[in-house]
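Work through the exercises below with the sequence and the three-dimensional view side by side. Try each task before you read the solution that follows it.

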Amino acid sequence: MGHEASFTPFELEEWQSRYETTVKYNLADSGCHPVRLSELVSDPAAVEKLLSLDLHYPPVGGTDALRELCASWHGAKPENVLVTVGAAEANSIAVASLLQPGDHMVVMEPNYRQVRGCAVNMGASVSAFPLDPARGWRPDLDALAAAVTPATRLIAVTNPNNPVGTILTEPEMDAIVAAAAKVGAWILADEVYRGTELQTDKVTPSFWGRYEKTVCVGSLSKAFGLPGLRLGWLVAPPDFVEQAWRRHEYVTIAASTLSMHLAEIALSAETRQRLLARNRRLMREGWARLQRWVDSSGGLLSVIPPAATALGFVRYHLDAPSIEVAHKIRTEGDVLVGAGAHFGVEHHLRITHGMEPKFLEGALQSISRVLASASAAESK
């Protein structure tokens with residue numbers, strides 16, 4: 001009992017695990033409408049090669065070809081790459097390699113709270129520096145400087161950000177590097193949303209190469225639309241990759257042979273551009289639809305436009321807490337969304353918009369009915 005009492009569950013993922021298969025409309029995922037296998041592998045020769053795969057254990061750290069492709073995405077070298085089961089494993093083993101009980105970590109908030117939860121469960125202390133909604137969700141760099149102490153071992157960021165879609169500017173990245181370098185801390189940069197930019201086709205710069213104590217994390221789940229492959233990676237100095245590899249052998253041994261093979265196809269130059277273009281189209285069309293929906297809410301909703309991702313972090317102007325509102329949307333509207341509380345910010349909902357238009361429209365109309373009813377009840 002004592003051990004269970006000290007464990008912090010991953011509330012967002014618990015929410016999704018419980019309810020995502022029970023609703024008509026799932027807008028709680030954080031990617032876009034997924035790619036079909038037939039879209040990824042359509043050439044007859046590629047299909048034949050796929051079907052002739054020997055389903056043996058793959059190379060534990062990733063095939064040479066795949067490590068090369070992952071490295072090229074960040075401007076790194078193959079020896080800097082460890083292929084993992086999704087970004088989730090990469091983040092988890094990075095935190096386990098970097099922190100010990102009693103260490104201090106500083107994390108960007110709002111954020112996907114996996115890294116925070118892993119640190120807390122290890123017995124580390126966590127401070128946050130905010131993305132400030134009053135400044136369009138820009139980072140409060142003064143708060144970052146104040147949060148970092150000589151005991152700080154790690155600074156964790158997500159760029160582009162989940163849930164608010166902020167893309168850090170080069171000066172902001174430089175300031176984060178300077179804050180880490182001042183005390184010799186590591187930077188853990190979750191970069192799974194690179195390639196989801198809404199206003200430009202220029203891929204967000206990586207933290208890789210800016211500072212020697214850097215771990216970058218990537219994935220096929222977001223920009224590439226392949227979350228079902230559960231294929232991620234971390235990019236780090238070779239000696240850190242070796243440390244993480246030893247933990248990888250305990251946790252998963254390896255990602256799957258099938259996933260690695262399909263990842264090699266997805267990250268090849270021609271396919272990579274095709275997937276990025278496909279998913280950016282869905283995200284841009286979805287964002288335009290979500291923006292119109294918010295604008296037509298009569299002041300009930302507001303949103304700060306994201307620079308990237310398939311996510312809208314929508315503010316609702318009701319008194320009720322976000323988990324209560326999200327439950328109401330689920331039970332009365334048959335739609336699952338993310339509650340702001342799961343990201344450290346109240347009175348917001350995270351709504352995924354990179355979906356097929358008809359599906360998204362039906363979900364948004366259903367949410368509108370529930371929120372209108374809740375607003376009417378509050379105003380009585």
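**Exercise 1. Find which residue of β14 is the bridge partner of R315, and then place both strands in their sheet.**

Solution. In this predicted model, the bridge partner of R315 in β14 is H348. The next step is to look at the two strands as a whole: β11 and strand β14, which covers residues 348-352, are joined by 5 bridges and run antiparallel. On to another partner of β11: strand β10 (residues 301-303) is joined to β11 by 3 bridges, and these two strands also run antiparallel. Two facing positions can be located here, since L301 stands opposite Y316 in β11, and V303 stands opposite V314 in β11. Putting the strands together gives an open sheet of 4 strands in the order β10-β11-β14-β13, with antiparallel pairing. The edges of this sheet are β10 and β13, each of which has a single partner strand, so one side of each is left without a neighbour in the sheet.

**Exercise 2. Decide how many of the 6 residues of strand β11 are buried, and say what follows from this.**

Solution. A residue counts as buried when its relative accessible area is under 20%. In strand β11, which spans residues 311-316, 5 of the 6 residues are buried, so the strand is largely enclosed by the rest of the structure.

**Exercise 3. Work out how the rings of W15 and Y19 are arranged, and do the corresponding step for F313 and F343.**

Solution. Begin with the total, which comes to 7 aromatic pairs. For W15 and Y19, the ring centres lie 5.2 Å apart and the planes meet at 75°; planes over 60 degrees apart count as edge-to-face, so this pair is edge-to-face. Both residues belong to helix α2 (residues 11-19), where they are 4 residues apart, about one turn of the helix. W15 has a relative accessible area of 6% and is therefore buried.

For F313 and F343, the centres are 5.9 Å apart and the planes stand at 85°, so this pair is edge-to-face as well. The pair links distant parts of the chain, for F313 is in strand β11 while F343 is in the loop between β13 (338-339) and β14, 30 residues apart. Both F313 and F343 are buried, and ring pairs link them with W137 into a cluster.

A last step concerns arginines over ring faces: R330 lies over the face of Y19, at 3.8 Å from the ring centre, and R194 lies over the face of W73, at 4.9 Å from the ring centre.

**Exercise 4. Determine whether H248 and S97 are buried or exposed, and list what each one touches.**

Solution. H248 has its place in helix α10, residues 238-251. With a relative accessible area of 0%, H248 is buried. Leaving aside residues up to four places away in sequence, its contacts include V60, L82, V83, T84 and E89, and also I253, A254 and A255.

S97 is found in helix α6, residues 86-98. At 10% relative accessibility, S97 counts as buried. With residues up to four places away in sequence left out, S97 touches R153, F240, Q243, A244 and R247. The C-alpha atoms of S97 and W245 are separated by 9.9 Å, although these two residues are 148 residues apart along the chain.

**Exercise 5. Identify which residues of the largest nonpolar core touch the most other members, and relate this core to the domains.**

Solution. The largest nonpolar core has 59 residues, and I155, F207 and L231 touch the most other members. Helix α11 (residues 257-267) supplies the largest share of this core, 6 residues. At least three residues of the core come from each of domain 1 (11-36 + 276-375) and domain 2 (53-271). A second, separate core of 38 residues includes A28, L301, V337 and I367.

To see how the domains meet, note that 27 residues of domain 1 are in contact with 32 residues of domain 2, while the C-alpha centres of the two domains lie 25 Å apart. Finally, L231 can be followed in more detail: not counting residues up to four places away in sequence, its contacts include L66, V83, T84, G86, S219 and L220.

Note on methods. Residues numbered from 1 in each chain as written. Predicted model: local features only at pLDDT ≥ 70, side-chain atom pairs only at ≥ 80, totals over all residues. Heavy atoms only, no water. Core = buried A, V, L, I, M, F, W, Y, C linked by side-chain atoms within 4.5 Å. Buried < 20%, exposed > 50% of the residue type's maximum accessible area, 1.4 Å probe, protein only. Domains from an automatic or database assignment. Contact = heavy atoms within 4.5 Å. Pairing = 2+ DSSP bridges. Phe/Tyr/Trp six-rings, centres within 6.5 Å; stacked < 30°, edge-to-face > 60°. Lys NZ or Arg CZ within 6 Å of the ring centre and 35° of its normal.
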